[in-house]
Amino acid sequence: MTEQRNGDGFPALLGAALRDVVVDDEAERRAVAAFRVARDSGTHANGHATNPRREDDWRPGSA
């Protein structure tokens, strides 16, 4: 397979994706606030949602 050098293909797509990053500051603020509320509420401290499903656990030797 030959590499495309005419602006098409993966390198061009990756470059375009990296250049076109737009951050929604308000959405980021809301996401961080929601994370902090969940963390500070102790929801995860009681064992709920701390064990990933086997198919989601990518740690070596976890299967």
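How many salt bridges does a search of the whole structure find? The search finds three, where a salt bridge is a side-chain nitrogen of Lys or Arg within 4 Å of a carboxyl oxygen of Asp or Glu. The exercises below place these pairs in their setting.

The model is a predicted one, in which local features need pLDDT of at least 70 and side-chain atom pairs count only at pLDDT 80 or more, while totals for chains, interfaces and linings use all residues. Residues are numbered from 1 along each chain as its sequence is written, and side-chain values use heavy atoms, with hydrogens and water left out.

**Exercise 1. Describe the protein chain as a whole.**

Step 1. Begin with secondary structure: the protein chain has two helices and zero strands, taken as DSSP runs numbered from the N terminus (helices H or I, at least four residues; strands E, at least two).

Step 2. Turn to burial, where buried means under 20% relative accessible area, exposed over 50%, and partly exposed in between, with a 1.4 Å probe and protein chains only. Of the 63 residues in the protein chain, 3% are buried.

Step 3. Add the surface: the protein chain exposes about 6100 Å², of which carbon and sulfur atoms supply 56%, the areas coming from the Shrake-Rupley method with a 1.4 Å probe and, for residues, only the protein chains shown counting as cover.

**Exercise 2. Locate the nonpolar surface patch and characterise Phe-10.**

Step 1. Phe-10, Leu-14 and Leu-18 make a nonpolar surface patch of about 340 Å². Patches are made of residues with over 30% relative accessible area and no salt bridge, with like charges joined within 9 Å and nonpolar side chains (Val, Leu, Ile, Met, Phe, Trp, Tyr) within 5 Å.

Step 2. Phe-10 belongs to helix α1, which covers residues 10–19, and with a relative accessible area of 61% Phe-10 is exposed.

**Exercise 3. Describe helix α2 and both of its ends.**

Step 1. Helix α2 (residues 25–41) has 17 residues and spans 24 Å from its first C-alpha to its last, close to the 24 Å expected at 1.5 Å a residue; the expected span is 1.5 Å times one less than the number of residues.

Step 2. At the N-terminal end, Asp-24 caps α2 through a side-chain oxygen that lies 3.2 Å from the backbone nitrogen of Glu-26.

Step 3. Just after α2 comes Gly-42, which takes a positive phi of about 80°.

**Exercise 4. Work through the salt bridges and explain the spacing of the partners of Glu-26.**

Step 1. Glu-26 forms a salt bridge with Arg-29, with the closest N and O atoms 2.6 Å apart. A second salt bridge joins the side chains of Glu-26 and Arg-30 at 3.9 Å, N to O.

Step 2. Because Glu-26 and Arg-29 are three residues apart in helix α2, about one helical turn separates them; Glu-26 and Arg-30, four residues apart in helix α2, are likewise separated by about one helical turn. An α-helix has 3.6 residues a turn, so residues three or four places apart point the same way.

Step 3. Consider exposure: Glu-26 is partly exposed at 38% relative accessible area, as are Arg-29 at 48% and Arg-30 at 46%.

Step 4. Arg-39 and Asp-40 form a salt bridge in which the closest N and O atoms are 3.0 Å apart. Arg-39 counts as partly exposed at 47% relative accessibility, whereas Asp-40 is exposed at 59%. Salt bridges that share partners join Glu-26, Arg-29 and Arg-30 into one network.

Methods:
Polar contact = N/O pair within 3.5 Å; in protein donor to acceptor, adjacent residues only side chain to side chain.
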